[in-house]
Amino acid sequence: MPKTKKIPLRTCIACREMKPKGEMTRVVKNADGEIKLDPTGKLPGRGAYVCNNPDCLKKVDGKKLFNKAFSASVADEIYRGIGEGNGDK
């Protein structure tokens with residue numbers, strides 16, 4: 001009997017829906033406090049995920065949800081990078 005591979009799910013910080021990790025964009029805060037896009041999903045540190053839905057991308061930028069997720073100030077370049085699709089795999 002073949003085993004089915006478990007697909008990791010993550011919660012979008014904008015819409016709060018659980019979706020497969022591969023369909024989402026990750027932003028990570030490392031131990032040095034640097035915040036950057038993580039297109040591979042493998043960088044070490046605290047990660048926050050947002051789905052690629054245009055409504056979620058607007059909500060993340062409008063409410064500055066990464067600032068809340070990381071309890072730190074996030075540069076506008078991160079928000080622009082996600083909006084432009086630079087976080088896609």
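In these exercises, contact means heavy atoms within 4.5 Å. The model you have in front of you is predicted, so keep that in mind as you work through the steps.

**Exercise 1. The two sides of helix α3**

Find which residues of α3 are buried, and work out how they are arranged around the helix.

*Solution.*
- Step 1: Locate the helix, which spans residues 76–83.
- Step 2: Pick out the residues under 20% relative accessible area, the cut-off for buried. In α3 they include I78, Y79, G81 and I82.
- Step 3: Look down the axis of α3. The buried residues fall within an arc of 160 degrees, so they line one face of the helix.
- Step 4: Turn to the face pointing away from that buried side. Here you meet the exposed residues E77 and G83.
- Step 5: Ask what the buried residues pack against. Their partners are the strands β3 (24–29), β4 (35–38) and β5 (46–51), together with the helices α1 (54–63) and α2 (65–70).

**Exercise 2. A salt bridge within one helix**

Explain why E77 and R80 point the same way, and describe the contact they make.

*Solution.*
- Step 1: Place the pair. Both E77 and R80 lie in helix α3, 3 residues apart, about one turn of the helix.
- Step 2: Bring in the geometry. An α-helix has 3.6 residues a turn, so residues three or four places apart point the same way.
- Step 3: Check the side chains. E77 and R80 form a salt bridge, with 3.4 Å between the closest N and O atoms.
- Step 4: Compare the surroundings. E77 counts as exposed because its relative accessibility is 52%, while R80 is partly exposed at 45%.

**Exercise 3. The salt bridges of K64**

Which residues are linked with K64 in a network of salt bridges? Trace each link and say where the residues sit.

*Solution.*
- Step 1: Start with K64 itself, which is found in the loop between α1 and α2. Its relative accessible area is 28%, so K64 is partly exposed.
- Step 2: Check the backbone. K64 has a positive phi of about 50 degrees although it is not a glycine, and this residue follows α1.
- Step 3: Follow the link to D61, which has its place in helix α1. The closest N and O atoms of K64 and D61 are 3.1 Å apart, forming a salt bridge. D61 counts as partly exposed, at 35% relative accessibility.
- Step 4: Follow the link to D76. The side chains of D76 and K64 meet in a salt bridge at 3.5 Å, N to O. Because D76 lies in helix α3 and K64 in the loop between α1 and α2, the pair ties together parts that are 12 residues apart in sequence. D76 is partly exposed, with 41% relative accessibility.
- Step 5: Put the links together. D61, K64 and D76 form a network of salt bridges. For the full tally, the structure holds 5 salt bridges.

**Exercise 4. Around helix α1**

Describe the start of α1, then use C-alpha distances to place D61 and K58.

*Solution.*
- Step 1: Begin at the start of α1, where a side-chain oxygen of N53 comes to within 3.0 Å of the backbone nitrogen of D55.
- Step 2: Move to D61. The C-alpha atoms of D61 and Y79 are separated by 5.9 Å, although the residues are 18 apart along the chain.
- Step 3: Now take K58, also placed in helix α1. K58 is exposed, with a relative accessible area of 62%. Its C-alpha atom is separated by 19 Å from that of R10, 48 residues away along the chain.

**Exercise 5. Buried or exposed?**

Decide whether T25, M18 and R16 are buried, partly exposed or exposed, and add what else the model shows for each.

*Solution.*
- Step 1: Take T25, in strand β3. A relative accessible area of 2% makes T25 buried. Its side chain makes a polar contact with the side chain of N52 at 2.9 Å.
- Step 2: Take M18, in strand β2 (residues 18–20). M18 counts as partly exposed, at 49% relative accessibility. Together with I7 and L9, M18 forms a nonpolar surface patch with about 310 Å² of accessible area.
- Step 3: Take R16, in the loop between β1 (9–11) and β2. R16 is exposed, with a relative accessible area of 60%. Its phi is positive, near 65 degrees, in a residue other than glycine.

Definitions and conventions:
Residues are numbered from 1 along each chain as its sequence is written. This is a predicted model: local features need pLDDT of at least 70, side-chain atom pairs count only at pLDDT 80 or more; totals for chains, interfaces and linings use all residues. Side-chain values use heavy atoms; hydrogens and water are left out. Patches are made of residues with over 30% relative accessible area and no salt bridge: like charges are joined within 9 Å, nonpolar side chains (Val, Leu, Ile, Met, Phe, Trp, Tyr) within 5 Å. Accessible areas come from the Shrake-Rupley method with a 1.4 Å probe; for residues, only the protein chains shown count as cover. A salt bridge is a side-chain nitrogen of Lys or Arg within 4 Å of a carboxyl oxygen of Asp or Glu. Helices (H or I, at least four residues) and strands (E, at least two) are DSSP runs, numbered from the N terminus. Buried means under 20% relative accessible area, exposed over 50%, partly exposed in between (1.4 Å probe, protein chains only). The arc is that of the directions from the helix axis to the C-beta atoms. A polar contact is a pair of N or O atoms within 3.5 Å; within protein, one must be able to donate a hydrogen and the other to accept it, and residues adjacent in sequence count only if both atoms are side-chain atoms.
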